[in-house]
Amino acid sequence: VQLQASGGGLVQAGDSLRLSCVASGHTFFSEYIMGWFRQAPGKEREFVAAITWTSTRDYSDSVRGRFTISRDNAENTVYLQMNKLTPGDTAVYYCAADTSRTYIYTRPQTTEKFDSWGQGTLVTVSS
């Protein structure tokens with residue numbers, strides 16, 4: 001499956017932004033675990049949010065209460081609504097898919113659990 005992320009940009013602290021990620025190719029999208037990760041300069045890629053095939057949501061502590069992940073299976077799209085952005089949220093954001101269809105969700109979510117990745121979209125938050 002191919003993933004195309006979009007929606008990044010330059011915003012000010014306190015602003016909101018919505019990222020989108022469209023899946024294409026031979027896809028059982030509704031059955032995938034979809035996730036968002038981010039990577040700040042000089043740091044490792046870290047988990048941000050995930051949504052399961054039943055739309056159960058999971059978040060990292062750093063974004064819980066500010067970010068919301070959602071999915072539209074009819075459009076093969078996953079979204080990340082980001083509110084109350086801070087400079088600490090500045091990073092390249094990647095969408096990812098776990099296409100294994102094991103119907104098992106375990107924590108923590110790591111990059112190794114996802115087998116398909118989008119190209120990343122840059123989010124820059126100025127103070």
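This section describes the strand pairing, the nonpolar cores and one loop residue of a predicted model.

Strand 9, formed by residues 91-98, is central to the description of the pairing. Seven of its eight residues are buried, so strand 9 is largely enclosed by the rest of the structure. Its pairing with strand 4 (residues 33-39) is antiparallel and extends over seven bridges. Within this pairing, Gly 35 is bridged to Ala 96 of strand 9. Strand 9 also pairs in the antiparallel sense with strand 11 (residues 121-126), here over three bridges, and Val 92 has Leu 122 of strand 11 as its bridge partner. A further antiparallel pairing, over two bridges, links strand 9 to strand 10 (residues 116-117). In strand 10, Trp 117 is the bridge partner of Ala 96. Ala 96 is thus a bridge partner both of Gly 35 and of Trp 117.

The largest nonpolar core comprises 29 residues, of which Trp 36, Leu 80, Met 82 and Tyr 93 touch the most other members. At least two residues of this core are supplied by each of strand 1 (2-6), strand 3, strand 4, strand 5 (46-51), strand 7 (67-72), strand 8 (77-82), strand 9 and strand 11. Apart from this core lies another, of six residues, which include Phe 37, Ala 50, Ala 96 and Phe 114. The bridge partner of Gly 35 in strand 9, Ala 96, is therefore a member of this six-residue core under the criterion of buried nonpolar residues joined through side-chain atoms within 4.5 Å.

The surroundings of Tyr 93 were examined beyond its neighbours within four places in sequence. Its contacts there are Leu 19, Trp 36, Phe 37, Arg 38, Val 48, Phe 67, Leu 80, Met 82, Gly 120, Thr 121 and Val 123. Among these contacts are Trp 36, Leu 80 and Met 82, which are listed with Tyr 93 as the residues touching the most other members of the largest core.

Ser 16 occupies the loop between strand 2 (9-12) and strand 3 (17-24). With a relative accessible area of 41%, Ser 16 is partly exposed. Although Ser 16 and Met 82 are separated by 66 residues in sequence, their C-alpha atoms are 5.4 Å apart in space. Beyond its neighbours within four places in sequence, Ser 16 is in contact with Val 11, Gln 81, Met 82, Asn 83, Lys 84 and Leu 85. With one of these residues, Asn 83, Ser 16 forms a side-chain polar contact of 2.9 Å.

Key
Residues numbered from 1 in each chain as written. Predicted model: local features only at pLDDT ≥ 70, side-chain atom pairs only at ≥ 80, totals over all residues. Heavy atoms only, no water. Buried < 20%, exposed > 50% of the residue type's maximum accessible area, 1.4 Å probe, protein only. Helix = DSSP H or I, 4+ residues; strand = E, 2+ residues; numbered from the N terminus. Pairing = 2+ DSSP bridges. Contact = heavy atoms within 4.5 Å. Polar contact = N/O pair within 3.5 Å; in protein donor to acceptor, adjacent residues only side chain to side chain.
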